[in-house]
Amino acid sequence: MDKFPMTRAGYTALETELKQLKSVERPAIIQAIAEARELGDLKENAEYHSAREKQGFIEGRIKELEGAIGLAEVIDPKTLSGSIKFGATVTLVDEDTDEEKTWQIVGQHEASVEKGLLNIKSPIARALIGKEEGDSVEVNTPGGSKSYEILSIAYK
């Protein structure tokens with residue numbers, strides 16, 4: 001499988017979540033299952049079924065995080081410069097509404113629109129890659145076509 005890019009902060013966040021799941025959540029759910037078993041008949045034991053469901057979610061998330069960490073290629077944006085590429089923090093202005101937005105282009109496992117972290121595979125990020133300050137970009141989004149002007153590019 002191919003490696004995928006990730007910032008140091010994103011990698012650290014995944015490691016922290018994995019450690020939390022393995023050292024706190026997993027033992028707690030094992031204890032909850034043991035306590036639910038002691039209540040008797042498992043067929044009609046809602047606590048047992050709920051705990052088993054949560055255990056399945058936790059184990060699935062652990063496998064997902066281990067896979068992501070194993071395939072991550074950590075890139076430090078501070079070492080980069082020039083046109084827009086992975087790790088760039090880009091300030092755009094919507095040419096229709098004059099609304100300014102700032103995004104950092106990051107890997108898919110660390111993306112969060114609410115935090116201003118844009119998935120490198122998103123339509124906006126793909127349109128921005130390789131562009132320079134002052135360029136205009138047309139982005140085809142599910143909500144229609146948008147035009148943005150690139151105000152600034154930084155690597156922090």
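**Exercise 1. The lining of the largest pocket**

Sort the lining residues of the largest pocket into nonpolar, polar and charged.

*Solution.* The lining divides into eight nonpolar, four polar and seven charged residues. The classes are fixed in advance. Ala, Val, Leu, Ile, Met, Phe, Trp, Tyr, Cys and Pro count as nonpolar; Asp, Glu, Lys and Arg count as charged; the others, Gly among them, count as polar.

A word on the model comes next. This is a predicted model, in which local features need pLDDT of at least 70 and side-chain atom pairs count only at pLDDT 80 or more, while totals for chains, interfaces and linings use all residues. Residues are numbered from 1 along each chain as its sequence is written, and side-chain values use heavy atoms, with hydrogens and water left out.

**Exercise 2. Size and walls of the pocket**

State how much space lies in the largest pocket, and find which element gives the largest share of its lining.

*Solution.* Step one is the term. A pocket is an open set of points on a 1 Å grid over the protein atoms alone, where a 1.4 Å probe fits, with protein on both sides within 12 Å along at least five of seven lines; lining residues have an atom within 4 Å of a point. Grid points are joined across faces, edges and corners, and the volume is the space filled by probe spheres set on the points.

Step two is the volume. The largest pocket holds about 270 Å³ of space.

Step three is the lining. It counts 19 residues, and T7, R8, A9, G10 and E110 lie nearest the centre. Elements giving two or more residues to this lining are helix 1 (8–37), helix 2 (46–71) and strand 4 (100–106). Helices (H or I, at least four residues) and strands (E, at least two) are DSSP runs, numbered from the N terminus. Helix 1 gives the largest share, six residues.

**Exercise 3. A network of charges**

Which residues are joined into one network by salt bridges that share partners?

*Solution.* Start with the principle. Side chains of opposite charge can pair when their charged atoms come close. A salt bridge is a side-chain nitrogen of Lys or Arg within 4 Å of a carboxyl oxygen of Asp or Glu. The whole structure has five of them.

Take R61 and E17. Their closest N and O atoms are 2.8 Å apart. R61 is in helix 2 and E17 in helix 1, so this pair links distant parts of the chain, 44 residues apart.

Now take R61 and E64. Their side chains form a salt bridge at 3.0 Å, N to O. Both residues sit in helix 2, and because they are three residues apart, about one helical turn separates them.

Check the surroundings. Buried means under 20% relative accessible area, exposed over 50%, and partly exposed in between (1.4 Å probe, protein chains only). E17 is partly exposed because its relative accessibility is 29%. E64, at 41%, is partly exposed too.

One more pair is K146 and D94, which meet at 3.5 Å, N to O. K146 lies in strand 7 (residues 144–154) and D94 in strand 3 (residues 89–94), so the pair ties together parts 52 residues apart in sequence. K146 is partly exposed at 32%, whereas D94 is buried at 5%.

The network can now be named: E17, R61 and E64.

**Exercise 4. Two residues in contact**

Is L118 buried or exposed, and which residues does Q104 contact?

*Solution.* L118 is in strand 5 (residues 117–119). Its relative accessibility is 6%, so L118 counts as buried. Contact means heavy atoms within 4.5 Å. Beyond four places in sequence, L118 touches W103, Q104, I105, V106, A111, I124 and A125.

Q104 belongs to strand 4. With a relative accessible area of 19%, Q104 is buried. Leaving aside neighbours within four places, Q104 contacts T7, P77, G87, A88, T89, G116, L117 and L118. A polar atom of the Q104 side chain lies 3.3 Å from the backbone oxygen of G87.

**Exercise 5. Sequence and space**

How far apart are the C-alpha atoms of E95 and S136, and those of G70 and D98?

*Solution.* E95 lies in the loop between strand 3 and strand 4. E95 and S136 are 41 residues apart along the chain, and their C-alpha atoms are separated by 8.7 Å. S136 is also among the residues that E95 touches.

G70 lies in helix 2. G70 and D98 are 28 residues apart along the chain, with 41 Å between their C-alpha atoms.

Terms used: A polar contact is a pair of N or O atoms within 3.5 Å; within protein, one must be able to donate a hydrogen and the other to accept it, and residues adjacent in sequence count only if both atoms are side-chain atoms.
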